[in-house]
Amino acid sequence: MFGIWGHDKAAEITYYGLHALQHRGQEGAGIVISNGRTLQIHKDEGLLNDVFNRSHFQELKGRASVGNIHYVTNGNGGVENIQPHLFHSQTGSMALAHIGNIMNRDELRGQLESEGSIFQSETDTELLAHLIKKNGQKINEQSITNALQQLVGAYAFVILTEEKMYVALDPHGIRPLSIGKLHDAIVVSSETCAFDIIGATYEREVRPGELLIISRDGMKSTRFALREQRRLCAMEYVYFSRPDSDLNEVNVHTARKRMGIELAKEAPVDADVVTGVPDSSISAAIGYAEQCGLPYEMGLIKNRYVGRTFIQPTQELREQGVKMKLSPVRGIVEGKRVVMIDDSIIRGTTSMRIVRMLKEAGAKEVHVRIASPPAKNPCFYGIDMSTREELIAANRTVEEIANLICADSLAFLTPEGMEKAIVQQTTLNQGVCQACFTGQYPVKKNRK
Ligand code: 5GP
Ligand code: SF4
Ligand code: MG
């Protein structure tokens, strides 16, 4: 998710911002722009580059814009689910972009439907729009605050109207969201790597429970909920975000490297070389190697022209993806005892193939070390791992998984090690969600 307020090239800059966020999803993209009087939209399925070309930017004119990259979680595929969503009413229009997951969606939707609302998509975005417009309310700070107060879950929203931009983050700050500046323009992004690409400077995090109102008068900060202890998604650090992003002022590469260091302290092994699965586990592999005093080598090469395998929605596609994606480097692994670092094991597809691949390329032993704890629980906060049956670690011991993936040994980082690697004393109110690893959910559906 990316937004900008107060720039002549708002749509183009949103495009560049989204380009830096492409790794967060590959199913679709959309941009809405405001020229102060009307809102215009273009969105479609596919990668950003397939959805937009030069001609679109001749039409999308205005000084405020919001864009989104579409990431499919539990069955929200299809073009009608691509964001932002644009809504028109007699009192004005609004575009909404959202990441996360509203846990009390069904209840709220049932309530609204019984009062006469009709929905055209499955999205949380549309739900929020209906809540805001309930009883014919105007779209303003009050109606948005009231709507946000009814939500339970993890969410980050950008709402664009003809005259204002509203930005909100859930009370636990589970999803990342940062504010930056580009000259006089205000920018907001899921990850700071989008600021770097457009030459913007980082200002601060959107605070948990905060609602920002950005207009001609500048930026006003209000609060729709009490700020809770921050619970930023640990998986963002483990896998999801780009290594050059800072989340809650902690650099992702550095956190990953520290995860590798902690892993080496917890689970060292007698070996000849350390290798990582590109790209997301390279940082952890470097940390592991450094801590053990072993050489870090490129034992696996990634084909640059294949997308993220996990994000493709079916298992069959995912399995094919891994074959196309990674190749062993025989000269490096042949006859060696290899430590293979991966950032995580979710369904087990990747590790299983890679151990086999390395052995076929002549590795004498393959010791698998995972730079996060076993993922045993579903995520209810917007990351796609929502069924327990799919998780290889859900009902298996570490030894059983090691046998299944044919590793000579296997160890995972502990939740304590992971937290130590991420949470740094220097940032106030730090804290992470580790629910998919520990089962301790910071937000429960029936909390209210
Ligand atoms: P598996 O192959 O075990 O199903 O998934 C683990 C691999 O997918 C890891 O190598 C990791 O890089 C990637 N991965 C792990 N967690 C996630 C996630 O939450 N989202 C996405 N998109 N990819 C993940
Ligand atoms: Fe992130 Fe896991 Fe928490 Fe979901 S449950 S928000 S993936 S740490
Ligand atoms: Mg990987």
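Two strands count as paired here if DSSP finds at least two bridges between them. All the views below come from a predicted model.

**View 1. The S2–S3 hairpin, an antiparallel pair.** Strand S2 (residues 28–34) and strand S3 (residues 39–45) run antiparallel and share seven bridges. To get your bearings, find Ala29, which sits opposite Asp44 in S3. Then follow the chain round the turn: four residues separate the two strands of this hairpin, and Gly36 has a positive phi near 95 degrees.

**View 2. The seven-stranded sheet that holds the hairpin.** Step back from S2 and S3 and you'll see an open, antiparallel sheet, with its strands in the order S3-S2-S4-S1-S10-S9-S11. S3 and strand S11 (201–205) are the edge strands, each with pairing on one side only. From one strand to the next, the twist averages 15 degrees. As a reminder, strands of a sheet pair through backbone hydrogen bonds, either parallel or antiparallel.

**View 3. S1 next to S10, with helix H1 across the sheet.** Here strand S1 (residues 2–5) meets strand S10 (residues 185–189) in an antiparallel pairing with four bridges. One handy marker is Phe2, whose bridge partner in S10 is Ser189. Helix H1 (residues 10–20) lies across S1, S2, strand S4 (64–70) and strand S9 (178–182), and runs at about 25 degrees to S4.

**View 4. Four cysteines from the UniProt record.** An unreviewed UniProt entry lists Cys233, Cys379, Cys433 and Cys436 under "binding site". They are spread over 204 residues of sequence, yet they cluster in space, with a largest C-alpha distance of 10.2 Å. Cys233, Cys379, Cys433 and Cys436 are also among the residues lining the largest cavity.

**View 5. A closer look at Cys433.** This cysteine, Cys433, belongs to strand S23 (residues 432–433). Is Cys433 buried or exposed? Its relative accessibility is 10%, so Cys433 counts as buried, the cut-off being under 20%. Leaving out residues up to four places away in sequence, Cys433 touches Arg231, Leu232, Cys233, Ala234, Tyr381 and Pro442. Notice that Cys233, one of these contacts, is on the UniProt list too.

**View 6. Cys436 and its surroundings.** Cys436 is in helix H16 (residues 435–438). With a relative accessible area of 11%, Cys436 is buried. Which residues does Cys436 touch, not counting residues up to four places away in sequence? Look for Met235, Pro374, Ala375, Lys376, Asn377 and Met385.

Notes. Residues numbered from 1 in each chain as written. Chains lettered and ligands numbered in written order. Predicted model: local features only at pLDDT ≥ 70, side-chain atom pairs only at ≥ 80, totals over all residues. Heavy atoms only, no water. UniProt positions renumbered as here; feature names shortened; annotations may be inferred. 1 Å grid on protein atoms, 1.4 Å probe; cavity = no way out; pocket = protein on both sides within 12 Å on 5 of 7 lines; lining within 4 Å. Buried < 20%, exposed > 50% of the residue type's maximum accessible area, 1.4 Å probe, protein only. Contact = heavy atoms within 4.5 Å. Axes fitted to C-alpha atoms, helices over the stretch in contact; angles between N-to-C directions.
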